[in-house]
Amino acid sequence: GVIVWLWIHGGNLHPASTGELLTSIGRITGLLAAYLALLQVILLARLPALERAVGFDRLSVWHRWNGHACIDLVIAHVVFTVFGYALLDKLSLPDEISTMLGGGIYPGMITATIGTVLLIAVVVSSVVIVRRKLRYEAWYVVHLLAYAGIALSWFHEIPTGNELVLDRVAADYWRALYLVTLGTLVV
């Protein structure tokens, strides 16, 4: 609910053009994807109280389905945002991607792109056919890359996230989500 409120508060309900509509969808999918990525970490953090309350088997199932939703939202975020900004900037897709990654206008986009690639690698390694061929140790290391992917994606969220740039309280809330997740994981 807070994330949807952030999105509404960011002025995304009344887009004036197709480009604004696409970027608006890109914003909500990005916010939800980041939240689900943090939830993904918590689901299998082996928290005793959570495991006792729900059971590790159920948490594993939730983790799998949440992972599907998370990566779908990450990909939707990228697609809607790039297409939306290309329309708003009146640029071709390759030119918009070049601007986003190399123009210096959007801080953290290179790290976010690397983070996205790492998250996709985790998903690919989790596909049943691939999972059967990977040794457990290799699969585990690839899954550790999810932490790196989430961390690298963080670097573009507050500097370029419309809802987080506009409101210091929203940005502090967003930082708190990450800090609480990290603290929970460490504990």
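Which residues lie nearest the centre of the largest pocket?

1. They are Q40, H63, V122, S126 and H143, among the 29 residues that line the largest pocket. This is a predicted model, in which local features need pLDDT of at least 70 and side-chain atom pairs count only at pLDDT 80 or more, while totals for chains, interfaces and linings use all residues. Residues are numbered from 1 along each chain as its sequence is written, and side-chain values use heavy atoms, with hydrogens and water left out.

2. The largest pocket (an open set of points on a 1 Å grid over the protein atoms alone, with protein on both sides within 12 Å along at least five of seven lines, lining residues having an atom within 4 Å of a point) has a volume of about 1,000 Å³, taken as the space filled by probe spheres set on the points, which are joined across faces, edges and corners. Helix α4 gives the largest share of its lining, nine residues.

3. The second largest pocket holds about 690 Å³ and is lined by 35 residues, with H77, V78, M109, A112 and H156 nearest its centre. Here the largest share of the lining, eight residues, comes from α2.

4. A nonpolar patch on the surface, which includes I75, F83, L93 and V124, has about 900 Å² of accessible area together, and its largest share, four residues, comes from α6. V124 lies in helix α6 (helices being DSSP runs of H or I, at least four residues, numbered from the N terminus), and counts as partly exposed because its relative accessibility is 44%, between the limits of under 20% for buried and over 50% for exposed, with a 1.4 Å probe and protein chains only.

Conventions:
Patch = residues over 30% accessible without salt bridge, like charges linked within 9 Å, V, L, I, M, F, W, Y side chains within 5 Å. Areas by Shrake-Rupley, 256 points an atom, 1.4 Å probe, with all protein chains shown as cover. Salt bridge = Lys/Arg side-chain N within 4 Å of Asp/Glu carboxyl O. Helix = DSSP H or I, 4+ residues; strand = E, 2+ residues; numbered from the N terminus. 1 Å grid on protein atoms, 1.4 Å probe; cavity = no way out; pocket = protein on both sides within 12 Å on 5 of 7 lines; lining within 4 Å.
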